[in-house]
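Please take me through the terms used for this model, and for each one set the value against the cut-off before drawing a conclusion.

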Number of protein chains: 2
Amino acid sequence: MSRILIIDDEQDILDILKYNLVKEGFEVEACNNGLKGIEIAKKYLPDVIILDVMMPETDGIEVCETLRKLPELIHTRICFLTARGEDYSQIAGLDAGADDYITKPVKPRVLISRINAITRRNEFNKQEQAESKNAFIINRERYIVEKNGETFHLPKKEFELLALLASRPDIVFERDVILEKVWGTDIVVGDRTIDVHVRKLREKLGDNHIKTVKGIGYKFEY
Amino acid sequence: MSRILIIDDEQDILDILKYNLVKEGFEVEACNNGLKGIEIAKKYLPDVIILDVMMPETDGIEVCETLRKLPELIHTRICFLTARGEDYSQIAGLDAGADDYITKPVKPRVLISRINAITRRNEFNKQEQAESKNAFIINRERYIVEKNGETFHLPKKEFELLALLASRPDIVFERDVILEKVWGTDIVVGDRTIDVHVRKLREKLGDNHIKTVKGIGYKFEY
DNA sequence: TGTTTTTCTTAAAGCAATATAAAGTTACGA
DNA sequence: TCGTAACTTTATATTGCTTTAAGAAAAACA
């Protein structure tokens, strides 16, 4: 499970966030000071850092900039904690470093889903890097797929299907696994549905990427 | 050459300033009353307004605030005329939206160089805007958006929505993220509310900037 | 080769998400 | 306090994605 570091000067907030994240199964480290936070980050190498923008001693923004310069944290996602109503454009400017921001007061459920989104994005990005060598980029943030500079806007299901298959190239995904991952366990759809979506993808990306493994399922190839 | 409007209740000063500015090649309009000045400004659309802070009937600061709300004067620079030593008026004046101030008594040479500085600044800004292809300026101080010189007055919610989307162009914002960031976690509004605001924005900015990503949310493109 | 199984293709139905218009609220300034 | 602008909701239309269905094709098997 993902490792998370929280940096906030208010002990209450630290406690609440930590409690909720631990309950959800994350590994959590907390710290009430920006400079200490940087030191911890270096050793702890968290997947996500939740960082309060407004802190009395060290400014969260500066902390973020410092963190961003550390090569060992290249994959670490930084998420700002801000009071609501603060200038978005300002935040955007600071966004040079931060990947997301959460507004206070933080609702636990929102926090969890946000962290999940961030870590998921992280997973995908790691794959993306591997994939980019072959000029096949699946960009979940922009919700587009790029192949040799060409850009494809895929509908939701097609995108999810492709993202799944491409997440492990050459590995065959069985039909019921695909159904479960893309459509979910609760929703039941016919078996042909997959075929149709595969066909749509082949239509758009060319016939060379998604191979049929008869009797089993499909796999993605470059 | 630049157009200048002078608003001051003292006829002497009007005459002196006008004489010197005309001699320097400026087009000058003069007026001895705040309210009349506002009317003239609307039609004359000056590049610079020289405005006396201390006037018997209407306060120069109020006049300035009124002028600043007029969209047609978005590019007009306002320069206060103050008696020397009035520290407070300087501060209040710049708060009210003035771009510069000149202390009385006015030395012609100082006046000219000051006006030149202001207009030059203005030119520079216009150029900058024209040159940047993505001339999409989101001005949070005045709640105004500019696109290729066109100015839009957006209501709060529309502005916040646009500011959010535009803060990360091409990135898709999910509907619940939009709701959280623009409306807040505690306030619950219907899902269609977003659509309606998007529609309003598209109506004003043109259909080309906010793209729908069906099933996910919206994104901003230049 | 004939039969069976599985997948492919296509069109069309079904459905969910979004767009739009209009009416109802709320907030705000004159 | 009235009138206007902003905001939200509601209802309906529309879009376009998803799914189904059914025949054709391909592969597997005997």
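**Terms and cut-offs**

Q: What makes the pair formed by a side-chain atom of B:T212 and a phosphate oxygen of DNA strand C a polar contact?
A: A polar side-chain atom of B:T212 lies 2.6 Å from a phosphate oxygen of DNA strand C. A polar contact is a pair of N or O atoms within 3.5 Å (within protein, one atom must be able to donate a hydrogen and the other to accept it, and residues adjacent in sequence count only if both atoms are side-chain atoms), so the pair at 2.6 Å qualifies. In chain A, a polar backbone atom of A:G215 is 3.1 Å from a phosphate oxygen of this strand C, and an N or O atom in the side chain of A:Y218 is 2.6 Å from a phosphate oxygen of strand C. The elements that give two or more residues to the surface near DNA strand C are α8 (192–205) of chain A and α8 (192–205) of chain B; helices (H or I, at least four residues) and strands (E, at least two) are DSSP runs, numbered from the N terminus.

Q: Which conventions of numbering and confidence stand behind such values?
A: Residues are numbered from 1 along each chain as its sequence is written, while chains are lettered from A and ligands numbered from 1 in the order in which they are written. This is a predicted model, in which local features need pLDDT of at least 70, side-chain atom pairs count only at pLDDT 80 or more, and totals for chains, interfaces and linings use all residues, with side-chain values taken over heavy atoms and with hydrogens and water left out.

Q: How do you know which residues are near DNA strand C?
A: A residue is near a molecule or strand if one of its heavy atoms lies within 4 Å of it. There are 20 residues around DNA strand C, and A:T212, A:Y218, B:R199, B:R202 and B:Y218 come nearest. Of the atoms of DNA strand C that come within 4 Å of the protein, 70% belong to sugar and phosphate.

Q: What makes a residue of the surface near DNA strand C count as charged, polar or nonpolar?
A: Asp, Glu, Lys and Arg count as charged, Ala, Val, Leu, Ile, Met, Phe, Trp, Tyr, Cys and Pro as nonpolar, and the others, Gly among them, as polar. On this basis the surface near DNA strand C divides into 12 charged, four polar and four nonpolar residues, whereas the surface near DNA strand D has eight charged, six polar and eight nonpolar residues.

Q: How do you know that DNA strand D has polar contacts with the protein?
A: A phosphate oxygen of DNA strand D is 2.6 Å from an N or O atom in the side chain of A:W183, and a phosphate oxygen of strand D is 2.7 Å from a polar backbone atom of B:G190. A polar side-chain atom of B:T193 lies 3.3 Å from a phosphate oxygen of strand D. The surface near DNA strand D takes two or more residues from each of α6 (156–167) and α8 of chain A, and α6 (156–167) and α8 of chain B.

Q: Why are β9 and β10 of chain B called edge strands?
A: Three strands of chain B form an open sheet in the order β9-β11-β10, with antiparallel pairing. β9 (173–174) and β10 stand at the edges with a single partner strand each, so one side of each is left without a neighbour in the sheet. Two strands pair if DSSP finds at least two bridges between them; β10 (residues 210–213) and β11 (residues 217–220) of chain B have four bridges, and β9(B) and β11(B) have two, so both pairs meet the criterion.

Q: Why is A:V189 called partly exposed?
A: Buried means under 20% relative accessible area, exposed over 50%, and partly exposed in between (1.4 Å probe, protein chains only). A:V189 has 26% relative accessibility, so A:V189 counts as partly exposed. A:V189 lies in the loop between α7 (175–183) and α8 of chain A, and, leaving aside neighbours within four places in sequence, A:V189 is in contact (heavy atoms within 4.5 Å) with A:L179 and A:W183.

Q: What makes the phi of A:L45 noteworthy?
A: Most residues other than glycine have a negative phi. A:L45 is not a glycine, yet has a positive phi of about 45 degrees. A:L45 is found in the loop between α2 (34–44) and β3 (48–52) of chain A and is partly exposed, with a relative accessible area of 35%.
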